[in-house]
Structure formats: structure tokens, C-alpha cells
Amino acid sequence: MARECCRIAPPSGLRVNRKSAVPVHVQLMTQIRHLISTGALKPGMQLPTVRQLAGFLRINPNTVSRALANLERDGYVEGHQGRGTFVADRPTREGRAAHSLARLVGESLTRARRLGFTQDPRLERAHGAGGQGGPAAGRARRMQRRRAGALPR
């Protein structure tokens, strides 16, 4: 497939609102996904470099990299070492939905663990200690569960 070059500048629709509660990388991802889904960015079109996008939008290049990495993981863009980032052929709707749901569930479980919740004790007994530590580690986990409460089913 021949690769087209598309230089996106803020007038084409990419803007960030620094005062918004939505993180900048999420704003950027949402806008690029919208441009892809509406056909403004067609499969095979090349996106500007990370530095160019960061310069256009006056944001940190790491923020742009994070947004593009997430878009690549979701199948919207393809990064080619030394050549650039290109709009990918559209992923199937079911694939995107399943991937988004899996990511949401994973993030929710991670957040629950950070808040001190652990797995249901019955599940841990059924699956063993998971190979993490010995009997003392198991006792420590049980004590932590008693203090924090178990994750709801």
C-alpha cells in the first residue's frame, strides 16, 4: 500500500484544553481516533512526528508518545521504526470493544489493589498462594485482607 503523508496542524482539529479535567494524552487520543473514524485520516496516512505534534500543540513530547503508544496498542496506528507512524487499517468494532473492556477491567482491578482490596480468600485457597513467598507471606496476606476487606464478587 502506498503511504501518503499527512501533516496535521492544530487547524485540522487537534487542540488540547489544559484546564480540562481530562488528561492531555486522553484528549489527543480521542481526537485522533475521531479523525480516523470520520475518515479525515485515512489508512496509510503518515502522522506527524512526536516532536512535530508536541510543537504544534505545545505539550510535552512524552505526552504525545504516550497517546501514540496507546493508539498503536488499540490498533488505530502503526509505528514503523525509522519511518514514522501511520494510520492502520481499521480494527473491527468488536475487537476494539473487547480490548477496551479488558483494559477497563484491568485498570479497575489495579486501582482496587492500590486501595488495599485483595482477592476473595476462597479464590486464593482454590488457586494456591500463587507461588509468591512461603507460609509467612500467606499469613501476611491474610492479615492484610482482614484489615482491608475482601474484593466484592
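The loop between H2 and H3 is where Arg 58 sits. In this predicted model, the phi of Arg 58 is near 55°, a positive value in a residue other than glycine. That's a bit out of the ordinary, because most residues other than glycine have a negative phi. With a relative accessible area of 69%, Arg 58 counts as exposed. A positive phi also turns up just after H1, where Gly 39 takes a value of about 90°.

Stepping back to the whole chain, the secondary structure comes to 6 helices and 4 strands. Read along the sequence, these elements follow the pattern β-α-β-α-α-β-β-α-α-α. Of the 153 residues, 28% count as buried. As for the outside, the chain exposes about 10300 Å², and carbon and sulfur atoms supply 54% of that area. Contacts often link distant stretches of sequence: among contacts with a separation of 6 or more, 65% come from residues 24 or more positions apart.

Now for the inside. The largest nonpolar core has 21 residues, and Leu 28, Ile 32 and Leu 41 have the most contacts inside it. Three helices give two or more residues each to this core: H1 (24–37), H2 (50–57) and H3 (61–73). H1 supplies the largest share, with 5 residues. Ile 32 is a handy place to start looking, since leaving aside residues up to four places away in sequence, its partners are Leu 14, Leu 41, Leu 68 and Leu 71.

H1 itself is worth a closer look. This helix has 14 residues and reaches 20 Å from its first C-alpha to its last, close to the 20 Å expected at 1.5 Å a residue. Its buried residues are His 25, Gln 27, Leu 28, Met 29, Gln 31, Ile 32, Leu 35 and Ile 36. In an α-helix there are 3.6 residues a turn, so residues three or four places apart point the same way. Leu 28, Ile 32 and Ile 36 are among the buried residues of H1. As for what lies on the other side, the buried residues of H1 pack against H2, H3, strand E3 (77–80) and strand E4 (84–87).

Charged residues come next. Side chains of opposite charge can pair when their charged atoms come close. The structure holds 4 salt bridges, and a network of such bridges links Arg 33, Arg 73, Asp 74, Arg 103 and Glu 107. Asp 74 is a good spot to begin tracing the network. At 10% relative accessibility, Asp 74 counts as buried, because the cut-off for buried is under 20%. Arg 73 forms a salt bridge with Asp 74, and the closest N and O atoms are 3.7 Å apart. Arg 73, at 42% relative accessibility, counts as partly exposed.

Asp 74 also meets the side chain of Arg 103 in a salt bridge, at 2.9 Å from N to O. Asp 74 lies in the loop between H3 and E3, while Arg 103 belongs to helix H4 (residues 93–114), so this pair ties together parts that are 29 residues apart in sequence. Arg 103 has a relative accessible area of 25%, which makes it partly exposed.

The trail carries on along H4. Glu 107 forms a salt bridge with Arg 103, with the closest N and O atoms 3.9 Å apart. These two residues are 4 residues apart in helix H4, so about one helical turn separates them. Glu 107, with a relative accessible area of 47%, is partly exposed.

Finally, there is a greasy spot on the outside. Leu 101, Leu 104, Val 105 and Leu 109 make a nonpolar surface patch of about 350 Å². Leu 104, one of these residues, has its place in helix H4, the helix that also holds Arg 103 and Glu 107.

Notes: Residues numbered from 1 in each chain as written. Predicted model: local features only at pLDDT ≥ 70, side-chain atom pairs only at ≥ 80, totals over all residues. Heavy atoms only, no water. Core = buried A, V, L, I, M, F, W, Y, C linked by side-chain atoms within 4.5 Å. Buried < 20%, exposed > 50% of the residue type's maximum accessible area, 1.4 Å probe, protein only. Contact = heavy atoms within 4.5 Å. Expected span 1.5 Å × (residues − 1). Areas by Shrake-Rupley, 256 points an atom, 1.4 Å probe, with all protein chains shown as cover. Patch = residues over 30% accessible without salt bridge, like charges linked within 9 Å, V, L, I, M, F, W, Y side chains within 5 Å.
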